[in-house]
Amino acid sequence: MDSIKQYFSATRTLLFSFIFSLPLFFFYEVLIIASQPDTEQLVRISIDVWIKTLFIFLGVDAVSFSFVLIIVAGIIILTIKRHQLKLLNFRYFPALILESLVLAVVVAFISSSLTNLLVNISTINPIDQLTYLQKLALSLGAGLYEEFFFRVVLVSLFSYLLQKIVKKKNTSIFISIILSAMLFSAVHYIGSLGDFFTLNSFLFRFIFGLILNIIYVTRGFGVAAWTHALYDVLVITFL
């Protein structure tokens, strides 16, 4: 029992989340380039495009600067959280992958079941014009960038601002989870690869985002990112 408790306590830390999410970043960048070797305008996750557009506007190489930021972030996290290094047990990583895979299946089941219960129509709208390798790359990128933006940035930001209004931490977190899930769903209808808006797809993604928000709050960024990524991989592989 103590070992299980230690596992959940240790793997929820910022240091574990950072290290655990690093493979998503590297595999995403490699697969994006490998799947589109002859394309100047690479298809990327919308959040990633927003970030890289900002980098380009500032006059820096977007991809190279992204790697520099990851290295700098790693140094800062290792410096600030160096006391957590004693909890860094690499035997936990296979368990984290398994946990994320189980959560991905559970999230898919709950989201689709609730959506079908409420609207009783199909929830999946795949991007058929992309190759499997492109979809695989975007799946990993979605887990990384969407979870970072909608969970780490938005949930944290909304919670911080709302605490100044409602004065209750749990209430502010609850409202933040709702708001972030709504924005997470809405962003999927933006851009050239955005879906055509339907109530069922919006509701499905809202419920999906809601559950991922709960996973982020209770288990941390790393598990939320891998759960999202593995869910997308399962969808493009088996559906």
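A charge counts as sitting over a ring if NZ of Lys or CZ of Arg is within 6 Å of the ring centre and within 35 degrees of the ring normal. Arg-205 makes a good opening case: it lies over the face of Tyr-189, at 5.8 Å from the ring centre. Keep in mind that this is a predicted model, with a mean pLDDT of 86 for the chain. Below you'll find the confidence picture, then the rings, the core and a few residues to click on.

**How far to trust it**

- Of the chain's residues, 91% reach a pLDDT of 70 or more.
- Among the elements of the chain, H7 has the highest mean pLDDT, at 94, while helix H3 (residues 46-57) has the lowest, at 83.
- The stretch to watch is residues 121-126, where pLDDT stays under 50. The model still gives this stretch 13 contacts beyond four places in sequence.
- Where pLDDT is low, the predicted coordinates should not be read in detail.

**Rings, and charges over them**

- There are 21 aromatic pairs in the structure.
- Take Phe-184 and Phe-208: their ring centres are 6.1 Å apart and their planes sit at 35°, so this pair is tilted.
- Phe-184 belongs to helix H7 (residues 169-186) and Phe-208 to helix H8 (residues 199-219), so the pair ties together parts that are 24 residues apart in sequence.
- Both Phe-184 and Phe-208 are buried.
- Phe-208 also pairs with Phe-204, with centres 6.2 Å apart and planes at 5°, so this one is stacked.
- Phe-204 and Phe-208 are 4 residues apart in helix H8, which puts about one helical turn between them.
- Phe-204 has 5% relative accessibility and Phe-208 has 4%; with the cut-off for buried at under 20%, Phe-204 counts as buried and so does Phe-208.
- Phe-184 has a charged partner as well: the charged end of Arg-151 sits over its ring, 4.7 Å from the centre.
- Elsewhere, ring pairs link Tyr-7, Phe-8, Phe-16, Phe-20, Phe-90, Tyr-92, Phe-93 and Trp-226 into a cluster.

**The nonpolar core**

- The largest nonpolar core has 51 residues. The members that touch the most other members are Leu-24, Ile-45, Leu-96, Leu-140, Tyr-145 and Ile-215.
- Helix H1 (2-11), helix H2 (14-35), helix H5 (92-119), helix H6 (132-166), H7, H8 and helix H9 (221-238) each supply at least two residues of this core.
- H6 gives the largest share, 12 residues.
- Leaving aside neighbours within four places in sequence, Leu-96 is in contact with Tyr-7, Thr-11, Phe-16, Phe-20, Arg-219 and Val-223.

**Helix H9 and its contact with H2**

- H9 runs for 18 residues and reaches 26 Å from its first C-alpha to its last, close to the 26 Å expected at 1.5 Å a residue.
- This helix is mostly covered, with 14 of its 18 residues buried.
- Phe-221 sits in H9 and is buried, with a relative accessible area of 12%.
- Not counting residues up to four places away in sequence, Phe-221 touches Ser-17, Ser-21, Leu-144, Glu-147, Phe-148, Val-152 and Tyr-216.
- Phe-221 and Phe-20 are 201 residues apart along the chain, yet their C-alpha atoms are separated by 9.1 Å.
- On the other side of that contact, Ser-17 is found in helix H2 and is buried at a relative accessible area of 5%.
- With residues up to four places away in sequence left out, Ser-17 touches Thr-11, Arg-12, Gly-220, Phe-221 and Gly-222.

**Two buried arginines**

- Arg-205 is in helix H8 and is buried, with a relative accessible area of 14%.
- Besides Tyr-189, the contacts of Arg-205 outside four places in sequence include Phe-184, Ser-185, His-188 and Asp-195.
- Arg-44 lies in the loop between H2 and H3, and is buried at a relative accessible area of 13%.
- Setting aside neighbours within four places in sequence, Arg-44 is in contact with Tyr-28, Glu-29, Ile-32, Val-49, Lys-52, Val-63 and Leu-138.
- Arg-44 and Ser-64 are 20 residues apart in sequence and 16 Å apart in space, C-alpha to C-alpha.

Methods:
Residues are numbered from 1 along each chain as its sequence is written. This is a predicted model: local features need pLDDT of at least 70, side-chain atom pairs count only at pLDDT 80 or more; totals for chains, interfaces and linings use all residues. Side-chain values use heavy atoms; hydrogens and water are left out. Rings of Phe, Tyr and Trp (its six-membered ring) pair if their centres lie within 6.5 Å; planes under 30 degrees apart count as stacked, over 60 as edge-to-face and the rest as tilted. Buried means under 20% relative accessible area, exposed over 50%, partly exposed in between (1.4 Å probe, protein chains only). pLDDT is the predictor's confidence in each residue, from 0 to 100. Contact means heavy atoms within 4.5 Å. A nonpolar core is a set of buried Ala, Val, Leu, Ile, Met, Phe, Trp, Tyr and Cys residues joined through side-chain atoms within 4.5 Å. The expected span of a helix is 1.5 Å times one less than its number of residues.
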